[in-house]
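Here is a short briefing to read alongside your structure. Have the viewer open, and take the topics in any order you like.

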Amino acid sequence: MEAAIRPETKLIWLESPTNPLLRVCDIKAISELAHKHNLLVVVDNTFLSPYFQNPSELGADIVVHSITKYIAGHSDVIGGAIMLNDKALYEKLKFSQNALGVVPSPFDCYLVLRGLKTLSMRMEKHQSNALAIATWLEGHPKVARVYYPGLKSHPQYEVGLRQATGFGGMISFEINGGEKEAVDFLESLDLFTLAESLGGVESLIEHPALMTHSSITAKERAEAGISDSLIRVSIGCEDKADLIADLEQAFAKI
Ligand SMILES: *Cc1c(COP(=O)(O)O)cnc(C)c1O
């Protein structure tokens, strides 16, 4: 990362865990590196939410959230938040917000505040469901690989443990086969809705190569490790036995 810093570099932007491969970045180490070079660090904390991870305590200068996801939690509002402790930077951002008119409506604020009241309960349930399902997927004969930071097999499991109090509700996995098997599997599900968003009480599933990451080239996807057999799941708050039963019947169809 240090080798990538150029004279014109102003900030380092990261997300942890990353979308869609759930890689974990060492936020403290990256913040120390950035500050050594007088750069700002921005962390997109959407995947873990403030319930599980507080990047500002690890050295990040700015934390951003897509409120659309876990914070509102019901897939019925679009919003975002920028959190920071620097008055001068705040004034600059606030000026831009005012000038650009990027303000949420009262009803959107109402939905977000109402959702926020159950953030802790939802995050615990997303996580316990996700850990059970990731463990189950890891032992499934039709699954080639599972990406979930809460599995001991995850390469940055220890980093995740050190910097966050949980692993969240997002899982990605590679199904045996390629695009055809992935699409057949997705079309066979009943309980999981095929959609790009995440972080709501209802489970959503998607195919990054055809959906969220279709706007980047096949070469860029290959370099990023996003294969045509990759499936991303936002585990909701339903009963985990129902979710596993739905996945199992869809696996049986391919
Ligand atoms: C969805 C998402 C965004 C974008 O947020 P919107 O509310 O959809 O505009 C940014 N970062 C992450 C990690 C996301 O999941």
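In which sense do strand β2 and strand β3 pair? Strand β2 (residues 40–44) and strand β3 (residues 62–66) pair in the parallel sense over three bridges; pairing requires that DSSP finds at least two bridges between the strands. This is a predicted model, where local features need pLDDT of at least 70 and side-chain atom pairs count only at pLDDT 80 or more, while totals for chains, interfaces and linings use all residues. Residues are numbered from 1 along each chain as its sequence is written, and side-chain values use heavy atoms, leaving out hydrogens and water.

**The sheet**
- Four strands form an open, mixed sheet in the order β1-β2-β3-β4; strands are DSSP runs (E, at least two residues) and helices are too (H or I, at least four), numbered from the N terminus.
- β1 (11–15) and β4 (80–84) are the edge strands, each with a single partner, so one side of each has no neighbour in the sheet.
- D44 has V64 in β3 as its bridge partner.

**Helix α4**
- L111, V112 and G115 are buried (under 20% relative accessible area, 1.4 Å probe, protein chains only) in α4 (residues 106–116).
- These residues sit on the same side of α4 because they cover an arc of only 95° around the axis, taken from the directions from the helix axis to the C-beta atoms.
- P106, L113 and R114 are exposed (over 50%) on the face turned away from the buried side.
- The cover over the buried residues of α4 includes α5, with contact meaning heavy atoms within 4.5 Å.
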